[in-house]
Amino acid sequence: MLEQELMALAAACGAALVDAVGTDTWTGLRQAAASWFARGDARHERVELRRLDQIVGLLQTAEATEVEQVRIHLKRRWQDRIEILLEDLDDTERTRAVARLRSLLVQHALSTVALPPRPPLQVDRQILTPIGERRFSSLRPEDG
């Protein structure tokens, strides 16, 4: 099971893919997402591009009354695909994949999606405190 942060990132990407259809962002995001899924395999990338093009086709052929339901379904489908890919990676690969996914969203879809916050940094106060105390206690008022 993925952490909440990764699930939120997968949801943001799924939403970005569907929401980008018909916008100036679509072409760049489509290519970046296909590359992300393919992880360097050119044949797999072509397959992913065709899958992504299905989003456009499904939205274009949906009845006006069904478009919103189709959008919701597609967002969830792509979220699921991203989650499955991330689950299948080891920790090192997952870290790299998450960084690339965040980067492609920032680069191609920032205007269409809100990224989930990054987890806070873990700071060991015992390590930092003595350094900070030395630095600040050594300052004299005239040092400014």
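Let's start with Phe37, which is buried, with a relative accessible area of 3%. Its neighbour in the ring story, Trp36, also counts as buried, at 3% relative accessibility. Keep in mind that this is a predicted model.

**The aromatic cluster**

A search of the whole structure turns up two aromatic pairs. In one of them, Trp36 and Phe37 sit edge-to-face, 5.0 Å centre to centre, with 85° between the planes. In the other, Phe37 meets Trp78, again edge-to-face, at 5.5 Å centre to centre and 70° between the planes. Phe37 belongs to helix 2 and Trp78 to helix 4, so this pair ties together parts that are 41 residues apart in sequence. Both Phe37 and Trp78 are buried. Put the ring pairs together and you get a cluster of Trp36, Phe37 and Trp78.

**The core around it**

Nonpolar side chains in soluble globular proteins tend to be buried together. Here, the largest nonpolar core has 36 residues, and those with the most contacts inside it are Leu17, Trp36, Leu52, Ile55, Ile82 and Leu105. Helices 1, 2, 3, 4 and 5 each supply at least two residues of this core, and the largest share, nine residues, comes from helix 1.

What does Trp36 touch once its neighbours within four places in sequence are set aside? The list is Ile82, Leu85, Leu86, Ala97, Arg100, Leu101 and Leu104.

Helix 4 deserves a look of its own. With 21 residues at 1.5 Å a residue, helix 4 should span 30 Å, and its end C-alpha atoms are indeed 30 Å apart. Its buried residues include Trp78 and Ile82, along with Arg71, Gln79 and Glu83. The buried residues of helix 4 pack against helix 1, helix 2, helix 3 and helix 5.

**Charged pairs**

Side chains of opposite charge can pair when their charged atoms come close. The structure holds eight salt bridges. Here are some of them:

| Salt bridge | Closest N to O |
|---|---|
| Arg102 and Glu5 | 3.1 Å |
| Arg71 and Asp19 | 2.7 Å |
| Asp53 and Arg30 | 2.6 Å |

Take the salt bridge between Arg102 and Glu5. This pair links distant parts of the chain, with Arg102 in helix 5 (residues 91–109) and Glu5 in helix 1 (residues 4–20), 97 residues apart. Arg102 and Glu5 are both buried.

The salt bridge between Arg71 and Asp19 also links distant parts of the chain: Arg71 is in helix 4 (residues 67–87) and Asp19 in helix 1, 52 residues apart. Arg71 counts as buried because its relative accessibility is 18%, while Asp19, at 22%, counts as partly exposed. Lys75 joins in as well, as Asp19, Arg71 and Lys75 are linked in a network of salt bridges.

Then there is Asp53 with its partner Arg30. Asp53 lies in helix 3 (residues 42–61) and Arg30 in helix 2 (residues 26–38), so the pair ties together parts 23 residues apart in sequence. Asp53 is partly exposed, with a relative accessible area of 33%, whereas Arg30 is buried at 19%.

**A buried charge without a partner**

Which side chain of opposite charge is nearest to Glu45? It is Arg100, 7.4 Å away, and Glu45 is buried yet has no salt bridge. Glu45 lies in helix 3. Neighbours within four places in sequence aside, Glu45 is in contact with Gln31, Ala34, Ser35 and Ala38.

Terms used
Residues are numbered from 1 along each chain as its sequence is written. This is a predicted model: local features need pLDDT of at least 70, side-chain atom pairs count only at pLDDT 80 or more; totals for chains, interfaces and linings use all residues. Side-chain values use heavy atoms; hydrogens and water are left out. A salt bridge is a side-chain nitrogen of Lys or Arg within 4 Å of a carboxyl oxygen of Asp or Glu. Helices (H or I, at least four residues) and strands (E, at least two) are DSSP runs, numbered from the N terminus. Buried means under 20% relative accessible area, exposed over 50%, partly exposed in between (1.4 Å probe, protein chains only). Lys and Arg count as positive and Asp and Glu as negative; His and the chain ends are not counted. Contact means heavy atoms within 4.5 Å. A nonpolar core is a set of buried Ala, Val, Leu, Ile, Met, Phe, Trp, Tyr and Cys residues joined through side-chain atoms within 4.5 Å. The expected span of a helix is 1.5 Å times one less than its number of residues. Rings of Phe, Tyr and Trp (its six-membered ring) pair if their centres lie within 6.5 Å; planes under 30 degrees apart count as stacked, over 60 as edge-to-face and the rest as tilted.
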